[in-house]
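Please open the model in your viewer, choose a cartoon display, and keep the selection tool at hand. The tour goes from one selection to the next and says what is found at each.

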Amino acid sequence: MEHETTIFGIRAVIEAIKSGENIDKIFLQKGLRGELFTELEQLLHKERLNSSYVPIEKLNRLTQKNHQGVVAQIAPISFYPLEELVTNVLESGKTPLFLLLDQLSDVRNFGAIIRTAECTGVSGIIIQKKGGAPVNGDTIKTSAGAIFKIPICKVDHIKDAVFYMQSSGIRVIAATEKTDQNLYDVDFTEPCAIIMGSEGKGINPSILKIVDDKAKLPILGDIESLNVSVACGAFLYEVVRQRMAIRD
């Protein structure tokens, strides 16, 4: 990770948060104690920032400087407000296609999905503030720079985005094996948002309860599921296929 994408030290990170620095994720040393560290933890909770407790070896790999048990990653991009993005897309006259990622954790999958999303004309990507893969140098590299060409939003919870999409006239479709409906039987020609789940758990059951539709990819082999970035590509290109078909 490049030096300019990190901030280290408890006081430095506290001041960065207070000054409104665009922090993507904060790594905290397990077992760390102290008055200043407690102040930082309270600030993280108040600002609902993405953080995780890790062994000191992880922090030492992030920086060789005196990190004092705290390293923050600075996002290389600015995140769009959800309401602003949806409004701009609706007013553009283009048929909206949004992608919601429910706590995707692998940066390579994240970067690959961003790259495919840009290639397929996705209007914007929505991620959750906590629990997901960070936007860092690895994400940029895997996305082949596509991360700078597609709007990305952060929300407190994916549910917030689902409800807002639905209230804006955008159908929300979950990519999940927990349905009998095939991907190719779903109409993607109207304004829609597709939700992809995390690598291990898929889409949160509470989110599956509120979506407008569900769809799965047909699996013909013995392996029960695809890599999430591959599955996402299949979904997005089915949207492209259907939308190109109605233009012809």
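What follows is a walk through a predicted model, with a selection at each stop.

**The four-stranded sheet**

Begin by selecting residues 6–8, 23–29, 51–54 and 70–74, which are the strands E1, E2, E3 and E4. These four strands form an open sheet in the order E1-E4-E2-E3, and the pairing in this sheet is mixed. Because E1 and E3 stand at the edges, each with a single partner strand, one side of each is left without a neighbour in the sheet. From one strand to the next the twist averages 20°.

Now narrow the selection to E2 and E4, which pair in the antiparallel sense over five bridges. If you show Lys25 and Gln73, you will find Lys25 standing opposite Gln73, which belongs to E4.

**The helices on this sheet**

Add residues 10–18, which form helix H1; this helix packs on the sheet, where it touches E1, E2 and E4, and its direction makes about 125° with that of E1. Then add residues 35–47, helix H2, which lies across E2, E3 and E4 and runs at about 145° to E2.

With both helices on display, how do H1 and H2 cross? Their axes come within 10 Å and cross at roughly 30°, and H1 and H2 are therefore roughly parallel to each other. The crossing in which H1 passes H2 is left-handed. To see the contact itself, show the side chains of Ile10, Arg11, Val13, Ile14, Ile17 and Lys18 from H1, together with Leu36, Phe37, Glu39, Leu40, Leu43, Leu44 and Glu47 from H2. Sorted by class, the contact of H1 with H2 holds nine nonpolar residues, no polar ones and four charged ones.

Before leaving this part of the model, select Gln68, which is placed in the loop between helix H3 (56–62) and E4. Its phi is near 60°, a positive value in a residue other than glycine. Gln68 counts as partly exposed because its relative accessibility is 43%.

**The six-stranded sheet**

Next, select the strands of an open sheet of six, whose order is E7-E6-E5-E9-E8-E10 and whose pairing is parallel. Here strand E7 (152–155) and strand E10 (213–215) stand at the edges, and each has a single partner strand, so one side of each is left without a neighbour in the sheet. The twist from one strand to the next averages 25° in this sheet.

Within the sheet, look at E8 (residues 171–175) and E9 (residues 192–196), which run parallel and are joined by four bridges. Arg171 stands opposite Cys192, a residue of E9.

Two helices can be added to this view. Helix H5 (residues 107–119) packs on the sheet and touches strand E5 (97–101), strand E6 (124–128) and E7, with its direction making about 175° with that of E5. Helix H9 (residues 228–247) lies across E5, E8, E9 and E10, and runs at about 165° to E9.

**The edge strand E7**

Zoom in on E7, which is joined to E6 by four bridges, the two strands running parallel. The bridge partner of Ile125 in E7 is Ile152. Are the residues on the two faces of E7 buried or exposed? Ile152 and Lys154 on one side, and Cys153 and Val155 on the other, are all buried, and both faces of E7 are thus covered.

Then select Ala144, which sits in the loop between helix H6 (137–142) and E7. Ala144 has a positive phi of about 55°, although it is not a glycine.

**Helices H4 and H7**

Select residues 82–92 and 158–167, helices H4 and H7, which pack at an angle of about 30° with their axes 11 Å apart. That angle makes H4 roughly parallel to H7, and their crossing is right-handed. In the contact, Leu82, Glu83, Val86 and Thr87 of H4 meet Ala161, Tyr164 and Met165 of H7. These contact residues divide into five nonpolar, one polar and one charged.

**A last stop at Asn204**

Finish by selecting Asn204, in the loop between E9 and helix H8 (205–208). At 31% relative accessibility, Asn204 counts as partly exposed. Show Ile158 as well: Asn204 and Ile158 are 46 residues apart in sequence, and their C-alpha atoms are 9.5 Å apart in space.

How values were computed
Residues numbered from 1 in each chain as written. Predicted model: local features only at pLDDT ≥ 70, side-chain atom pairs only at ≥ 80, totals over all residues. Heavy atoms only, no water. Pairing = 2+ DSSP bridges. Axes fitted to C-alpha atoms, helices over the stretch in contact; angles between N-to-C directions. Contact = heavy atoms within 4.5 Å. Parallel < 35°, antiparallel > 145°, perpendicular 65-115°, else oblique. Left-handed = near helix turned anticlockwise from the far one by under 90°. Nonpolar A, V, L, I, M, F, W, Y, C, P; charged D, E, K, R; others polar. Buried < 20%, exposed > 50% of the residue type's maximum accessible area, 1.4 Å probe, protein only.
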